[in-house]
Amino acid sequence: MEIKKIGLGGGCHWCTEAVFLSLKDVIQVEQGFISSKEESIFSEAVIVSYNSSKISLKELIEIHLYTHKSTSNHSMRGKYRSAVYAFNSADFEKSNKILDELNVVFDEKLITRVSHFERFKPSEEQFHNYYYTDSNKPFCTTYITPKLSLLLKKYGKFTDIKKVEASISHEEIPK
């Protein structure tokens with residue numbers, strides 16, 4: 001088993017954390033704020049540690065692109081930068097290539113950028129594992145549950161199905 005890590009930012013780190021905690025071969029998700037060598041200002045993001053022999057960087061990036069507004073350059077992009085944060089030059093190059101390949105799949109151009117990871121500040125402990133602590137909170141049912149339903153439908157082979165199904169109502173489970 002080869003454990004690798006990648007930083008991912010795009011939307012609220014509560015949402016991003018829940019998505020990646022729902023994947024079978026993700027070992028750890030650290031929720032917080034990341035700055036890069038290119039952007040010194042911190043933005044909400046997660047660090048995902050994963051078993052690269054079971055789930056690829058390309059699959060993680062693709063899931064990330066589909067579970068946040070990766071083509072929308074809205075006014076909150078300073079706080080919610082759409083990004084992949086690479087921890088080494090090989091993953092930096094590979095991530096850029098993956099984004100180029102996936103860009104043709106989307107109707108609009110991806111705004112997601114690859115940056116070199118610089119620093120991480122964890123969020124407050126009370127917000128860790130936000131979704132799975134109480135998935136019935138209005139924020140969770142409005143913003144996170146639809147992302148997990150998409151995971152079940154589109155990426156079921158990577159999803160911890162029992163974990164996700166236990167947290168969402170039967171009406172929201174895709175057929």
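This is a short talk on the fold of one chain and a few of its residues.

Hi everyone, thanks for coming. One thing before we start: what you see is a predicted model.

Let's begin with the whole chain. Its secondary structure comes to six helices and five strands. If you read along the sequence, the pattern is β-α-β-β-α-β-α-β-α-α-α. The C-alpha trace spans about 45 × 35 × 30 Å along its principal axes. How does the radius of gyration fit with a compact globule? For 175 residues, such a globule would come out near 16 Å, and the chain has 15 Å, so the two agree.

Some more overall numbers. Of the 175 residues, 49% are buried. Looking at contacts with a separation of 6 or more, 73% are between residues 24 or more positions apart. The chain exposes about 9,100 Å², and carbon and sulfur atoms supply 50% of that area. On the charge side, there are 24 positive and 23 negative side chains, and the centres of the two sets lie 2 Å apart.

Now to the strands, and please follow along on the structure. Start at β1, residues 3–9. Which strands does β1 join? One is β3, residues 43–51, which runs antiparallel to β1 and is joined to it by six bridges. In that pairing, Leu 8 stands opposite Val 46. Another is β4, residues 83–86, also antiparallel to β1, with three bridges. Here Leu 8 stands opposite Val 84, and Gly 9 stands opposite Ala 83. So Leu 8 has a partner in β3 and a partner in β4, by way of the DSSP bridges that define pairing.

Moving on from β4, we come to β5, residues 113–122. Four bridges join β4 to β5, and these two strands run parallel. Two positions to look for are Ala 83, whose bridge partner in β5 is Arg 113, and Tyr 85, which stands opposite Ser 115. Then β5 pairs with β2, residues 26–36, in the antiparallel sense over five bridges. There, the partner of Ser 36 in β5 is Phe 117.

What about the two faces of β4, covered or open? Both are covered: Ala 83 and Tyr 85 are on one side, Val 84 and Ala 86 are on the other, and all of them are buried.

Let's look at some single residues, beginning with Gly 9 in strand β1. Its relative accessible area is 0%, so Gly 9 is buried. Leaving aside neighbours within four places in sequence, Gly 9 is in contact with Glu 44, Ala 45, His 64, His 68, Arg 81, Ser 82, Ala 83 and Tyr 85. There is also a long reach in sequence here: Gly 9 and Tyr 80 are 71 residues apart along the chain, while their C-alpha atoms are 6.6 Å apart.

Next is Ser 115, over in β5. Is Ser 115 buried or exposed? The cut-off for buried is under 20% relative accessible area, and Ser 115 has 7%, so Ser 115 counts as buried. Beyond residues up to four places away in sequence, Ser 115 touches Ser 36, Glu 38, Val 84, Tyr 85, Ala 86 and Phe 92.

Thr 67 takes us out of the strands and into the loop between α2, residues 57–66, and β4. With 8% relative accessibility, Thr 67 counts as buried too. Thr 67 touches Val 19, Lys 147 and Leu 150, again not counting residues up to four places away. Lys 147 is 80 residues away from Thr 67 along the chain, yet their C-alpha atoms are separated by 5.8 Å.

My last stop is Asn 129, in the loop between β5 and α4, residues 130–133. What is unusual about its backbone? Asn 129 has a positive phi of about 55 degrees although it is not a glycine. Most residues other than glycine have a negative phi. Asn 129 has 31% relative accessibility, which means it counts as partly exposed.

To recap the sheet: β1 is joined to β3 and to β4, β4 is joined to β5, and β5 pairs with β2. Thanks for listening, and I'm happy to take questions.

Methods:
Residues numbered from 1 in each chain as written. Predicted model: local features only at pLDDT ≥ 70, side-chain atom pairs only at ≥ 80, totals over all residues. Heavy atoms only, no water. Rg over C-alpha atoms; globule rule 2.2 N^0.38 Å. Buried < 20%, exposed > 50% of the residue type's maximum accessible area, 1.4 Å probe, protein only. Contact = heavy atoms within 4.5 Å. Areas by Shrake-Rupley, 256 points an atom, 1.4 Å probe, with all protein chains shown as cover. Lys, Arg positive; Asp, Glu negative; His and termini not counted. Charge placed at Lys NZ, Arg CZ, Asp CG, Glu CD.
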